[in-house]
Each structure stands twice: as structure tokens, then as C-alpha cells.
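Dear colleague,

Please find the structure below, together with its sequence. The notes that follow describe what was found in it.

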Amino acid sequence: MKVAPIVRAIRRTEGISYQLVYAGAADDPTLEPSLFSDLQIPQPDAFLGVVCENLNELTGRVMSEFETYLNEHPMDTVIVVDDLASTMAAAIVTKKRGLRLAHLVAGTRSFDICMPKEINRLVIDGLSDLLFTAGVGSSSIVTREGAEMHKIYMVGNILMDSLRFNQDRWQRPACLEGLENGSYLVLTVNRKALLADTDHLQRLFDVISEVAGDTPVIAPLRGQAYDMASKSTTFRVVPSLSYLEFGYLTAYAKGIITDSGNVAEEATFNHVPCITLNSYTEHIETVKQGTNVLVGEDAEKLRQYLTSLLAGDWEHGDLPDRWDGRTADRIVQTLIENNNQ
């Protein structure tokens with residue numbers, strides 16, 4: 001979702017070309033069959049085929065495979081996205097070869113050094129020549145950490161580009177049959193730590209079921225969370241939806257309960273009330289200006305805010321600066337300008 005707008009922006013710009021490299025395998029089950037057609041971009045030019053659970057092993061294998069790829073495909077700039085182990089691996093190889101490195105969604109921090117992703121973020125930002133940030137907060141973070149000002153570009157939130165591009169393409173999912181827009185809640189849970197604590201997760205589910213009452217809760221869940229939620233008649237538990245279906249589901253919800261930062265960011269763009277089951281957010285703009293509140297994993301805070309949401313007692317959110325759906329154009333223009341220097 002974050003790469004697609006850049007691909008589209010490059011393809012409509014003369015004098016610049018790209019290659020899209022995916023670190024995993026072509027048959028990766030997390031790549032929905034319809035994903036690339038939904039996003040209207042071609043399949044990746046290359047799959048590195050790295051599949052393993054151990055993050056240190058994955059880092060080493062991606063470094064090896066990506067170096068081989070660069071040997072065969074010379075290029076000027078490598079753009080890495082987000083904060084995965086594979087992202088860090090590609091960043092390290094890029095700088096060891098003396099190539100220009102750009103990091104998309106730079107400056108995101110949890111300030112919890114025990115999180116593997118936090119280490120990845122620090123390494124990638126420290127190596128990058130171009131730091132593309134989503135907002136003032138992220139720009140301030142990399143500045144405080146010593147990044148030179150000429151490297152930092154506040155381009156906005158790339159997820160908004162995909163939302164803006166697809167606003168007229170959303171597909172109403174079958175699970176909404178019989179429901180009017182704005183009459184249902186959406187629940188998503190993906191964080192491993194929360195999923196592993198089943199007793200705590202059950203308490204959160206019980207609160208949602210109790211407070212929601214007759215308001216249906218559409219819950220695209222997997223695994224044990226799917227089984228747990230299925231025991232309550234409040235939840236309409238559904239399998240994973242396609243990108244265009246999930247976009248419709250969240251855009252027209254009465255409210256959203258999630259532990260996903262991306263979903264909370266999209267809720268801000270759509271002006272949909274959002275309760276985040278986490279104690280922090282990488283983009284504080286969703287709380288300060290948007291429609292998001294953080295309740296951590298506190299069941300009583302969840303009860304309080306969900307009660308307010310259903311009563312219509314929620315502050316109207318504004319779009320943060322440059323969350324306007326034109327982030328990819330700013331990125332491509334910056335790449336061109338830096339290439340000409």
C-alpha cells in the first residue's frame with residue numbers, strides 16, 4: 001500500500017525508471033492474490049525468495065540475495081519502506097555499495113529499544129541519505145538524533161495516497177449485507193503480544209461485546225482471535241478481506257477498534273472515530289489532530305471510549321499537514337532534484 005503510489009508516480013514521470021524487489025517468495029501467503037490488481041501496479045520485478053522465522057538469519061539471507069541482485073541490476077538509488085528486518089538488510093547492502101539510500105516513513109519511533117523494529121528504524125535512519133517523514137513529529141525525531149537538515153523531507157503520509165486514489169474504487173464486502181453505512185463497528189487485532197495473552201484479549205472482547213450491544217462488530221480476524229470472537233453473537237467474524245473490500249469496510253464504519261497504526265492513520269483520513277489498543281502510536285498526529293485515541297490494553301478505558309463513540313460524543317478530526325494524497329509526487333520530485341545536484 002505504501003509502495004504503490006510511488007510506482008504510479010514514477011510511471012507517469014519521464015526520465016526515471018524503477019524496479020520493484022520483494023524480499024519474500026512469490027507464493028507468500030500474505031500476498032493476497034488480488035493485491036497487485038487492486039492497487040493497479042505490476043507484480044514485483046524480482047522476488048528474493050527469503051523465507052525464515054529467525055530475524056537474524058533472515059537479515060543475513062536478504063543481504064546476500066539483495067547484493068546479488070544489485071550486481072546484476074545497476075541503479076542510482078534504493079528506496080526502502082518501513083522498518084522490517086528485510087528493510088534494514090537492504091539498507092545496509094545499499095550503503096556498503098555506496099549507493100544513495102532513501103527511507104520512506106523515516107522518524108517513526110516507539111522509544112522501546114527492546115522492540116526489534118525499533119532497532120531496525122534506528123539503523124535505517126542512521127544510514128539514509130534521504131529521510132522521507134510523514135509529519136512534523138517524525139522530522140523532529142530524526143533532527144534530535146543528529147540527522148542533517150538537508151536530508152530530511154516532510155512529504156506526508158503515503159497511505160493517504162492510496163486512500164485518495166481508491167476512494168471511487170472501494171468494493172462493498174458481502175459481510176455488510178443488510179447493514180447501512182455508519183451502522184457498524186470494525187475490529188482488527190494483529191499484534192503478536194496481544195494475541196498471545198488470550199485471557200487479556202478475552203476481557204477486551206467481552207467489553208466490546210457488552211458495550212456494543214445491538215451494534216454489529218465486523219471482525220476480520222485470524223487464528224485464535226477468530227475462534228474467540230466467534231463465540232459472541234455481537235461479532236460478525238469474517239475471513240481476511242481484499243484491500244478494496246477492507247477499504248470500504250473502514251471508510252464507512254461508525255467507529256474502529258484496532259491495534260494497527262496503519263488502520264488508525266486511515267481512520268484519520270476518513271474522519272472515522274478510532275480506538276487504538278496500544279499505548280503509543282508512531283504518528284501522534286492521529287491523536288493530536290485526527291480521530292484516534294490510545295487506550296493501551298486497558299479494558300476500562302476501552303469501555304469508557306467505546307461508550308462515548310456509540311453515543312456520538314467524539315471530537316471531529318482534521319487532516320495533518322501534507323496528509324493530502326500527494327506524498328508520492330513529492331518523493332519522486334525530490335529524487336529527481338537530488339539526482340541533478
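At what angle do helix H1 and helix H7 pack, and how far apart are their axes? Helix H1 (residues 4-11) and helix H7 (residues 158-166) pack at about 75 degrees, and their axes are 8 Å apart. H1 is therefore roughly perpendicular to H7, a term used for angles of 65 to 115 degrees. Helices here are DSSP runs of H or I with at least four residues, strands are runs of E with at least two, and both are numbered from the N terminus. Axes are lines fitted to C-alpha atoms, for helices over the stretch in contact, and angles run from 0 to 180 degrees between N-to-C directions.

Please note that this is a predicted model, in which local features need pLDDT of at least 70 and side-chain atom pairs count only at pLDDT 80 or more, while totals for chains, interfaces and linings use all residues. Residues are numbered from 1 along each chain as its sequence is written, and side-chain values use heavy atoms, with hydrogens and water left out.

In the contact between these two helices, Pro5, Ile6 and Arg8 of H1 meet Ile158, Asp161, Ser162 and Phe165 of H7; contact means heavy atoms within 4.5 Å. By class, the residues are four nonpolar, one polar and two charged. Here Ala, Val, Leu, Ile, Met, Phe, Trp, Tyr, Cys and Pro count as nonpolar, Asp, Glu, Lys and Arg as charged, and the others, Gly among them, as polar.

I turn next to the sheets. Strands of a sheet pair through backbone hydrogen bonds, either parallel or antiparallel. Two strands are taken to pair if DSSP finds at least two bridges between them. One open sheet has four strands in the order E3-E4-E5-E6, with parallel pairing. Strand E3 (77-81) and strand E6 (152-154) are at its edges with a single partner strand each, so one side of each has no neighbour in the sheet. From one strand to the next, the twist averages 20 degrees. Three bridges join strand E5 (residues 130-133) to E6 in the parallel sense, and Phe132 has Tyr153 in E6 as its bridge partner.

Two helices pack on this sheet. Helix H5 (residues 116-127) touches E3, strand E4 (100-106) and E5, and its direction makes about 135 degrees with that of E4. Helix H15 (residues 327-339) touches E3, E4, E5 and E6, at about 165 degrees to the direction of E5.

H5 also has a helix partner. Its axis and that of helix H4 (residues 85-96) come within 9 Å and cross at roughly 25 degrees. The two are therefore roughly parallel to each other, as angles under 35 degrees are classed. Among the residues making this contact are Met88 and Ile92 of H4 and Val123 and Leu127 of H5. The contact has seven nonpolar, two polar and one charged residues.

A second open sheet has six strands in the order E9-E8-E7-E10-E11-E12, again with parallel pairing. Its edge strands are strand E9 (235-238) and strand E12 (292-294), each of which pairs on one side only. Strand E7 (residues 185-188) and strand E10 (residues 255-258) run parallel and are joined by four bridges, with Leu185 opposite Gly255 in E10. Helix H14 (residues 299-310) lies across E7, E10, strand E11 (274-276) and E12, at about 170 degrees to E11.

With kind regards

Definitions and conventions
Angles under 35 degrees count as roughly parallel, over 145 as roughly antiparallel, 65 to 115 as roughly perpendicular and the rest as oblique.
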